[in-house]
Amino acid sequence: MWGIGIITYMLLYGKNPFIRDCISATHEAILQPLAFPRNDRVHRYAQLLAKRLLELDPAKRVTIESALKSSWMLASDSELERHSSPQLFPQLEGCSNAVEKVQG
């Protein structure tokens, strides 16, 4: 679940939450409370799930069953869209059009 948390964080924020210039600094960062970049475009449900996936204590970390039942996973598209921004990934703008053309 830790690895899924890293991937989730990277998809949401575009960077690894712990990587630093050297291994010892990376290990130290892992042991610190998780800090989220200030980003109003990331839904609070997504941030909460990432935080629960990256819980340092494995006994307290969210399970796959619980993650699949999280608010972010169960939220309706319309609820998530109200909190999203089209500028979150501007480089992907227009990609849905391309996918539709390929699917024909």
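## Helices and overall make-up

The protein has 7 helices and 0 strands, and its elements, read from the N terminus on, run α-α-α-α-α-α-α. Because this is a predicted model, every value given below was computed from predicted atom positions.

Of the 104 residues of the protein, 22% count as buried. The protein exposes about 7700 Å², and carbon and sulfur atoms supply 55% of that area. Among the contacts with a separation of 6 or more, residues 24 or more positions apart account for 59%.

## Thr8 in helix 1

Thr8 lies in helix 1, which covers residues 2-13. Is Thr8 buried or exposed? With a relative accessible area of 11%, Thr8 is buried, because buried means under 20% relative accessible area.

Two kinds of partner can be listed for this residue. The side chain of Thr8 reaches the backbone oxygen of Ile4 at 2.7 Å, and, when its neighbours within four places in sequence are left aside, Thr8 is in contact with Ala50, Leu53 and Trp72.

## Aromatic pairs

How many aromatic pairs does a search of the whole structure find? The search finds 4 aromatic pairs. One of them joins Tyr13 and Phe36, whose ring centres are 5.9 Å apart and whose planes stand at 45°, so the pair is tilted. Tyr13 lies in helix 1, whereas Phe36 lies in the loop between helix 2 (23-31) and helix 3 (44-53), so the pair ties together parts that are 23 residues apart in sequence.

The two partners of this pair fall into separate accessibility classes: Tyr13 is buried, with a relative accessible area of 13%, while Phe36, at 21% relative accessibility, counts as partly exposed. Ring pairs also bring in Tyr9, so that Tyr9, Tyr13 and Phe36 are linked into a cluster.

## Lys51 in helix 3

Phe36 appears again among the neighbours of Lys51, a residue that lies in helix 3. Which residues does Lys51 touch, not counting residues up to four places away in sequence? Lys51 touches Leu34 and Phe36. In addition, the C-alpha atoms of Lys51 and Val62 are separated by 9.3 Å, and these two residues are 11 residues apart along the chain.

## A nonpolar patch on the surface

Ile4, Ile64, Leu68, Met73 and Leu74 make a nonpolar surface patch of about 480 Å². Ile4 was already named above, as the residue whose backbone oxygen is reached by the side chain of Thr8. Which helices each supply at least two residues of the nonpolar patch? Helix 4 (64-68) and helix 5 (71-74) do so.

Two members of the patch, Met73 and Leu74, lie in helix 5. Met73 counts as partly exposed, at 45% relative accessibility, whereas Leu74, at 61% relative accessibility, counts as exposed. Why is Leu74 called exposed? The cut-off for this class is over 50% relative accessible area, and Leu74 is at 61%, so Leu74 belongs to it.

Leaving aside its neighbours within four places in sequence, Leu74 is in contact with Leu68 and Lys69, and Leu68 is itself one of the residues that make the patch. The C-alpha atoms of Leu74 and Tyr45, which are 29 residues apart along the chain, are separated by 9.8 Å.

Definitions and conventions. Residues numbered from 1 in each chain as written. Predicted model: local features only at pLDDT ≥ 70, side-chain atom pairs only at ≥ 80, totals over all residues. Heavy atoms only, no water. Patch = residues over 30% accessible without salt bridge, like charges linked within 9 Å, V, L, I, M, F, W, Y side chains within 5 Å. Areas by Shrake-Rupley, 256 points an atom, 1.4 Å probe, with all protein chains shown as cover. Salt bridge = Lys/Arg side-chain N within 4 Å of Asp/Glu carboxyl O. Helix = DSSP H or I, 4+ residues; strand = E, 2+ residues; numbered from the N terminus. Buried < 20%, exposed > 50% of the residue type's maximum accessible area, 1.4 Å probe, protein only. Polar contact = N/O pair within 3.5 Å; in protein donor to acceptor, adjacent residues only side chain to side chain. Contact = heavy atoms within 4.5 Å. Phe/Tyr/Trp six-rings, centres within 6.5 Å; stacked < 30°, edge-to-face > 60°.
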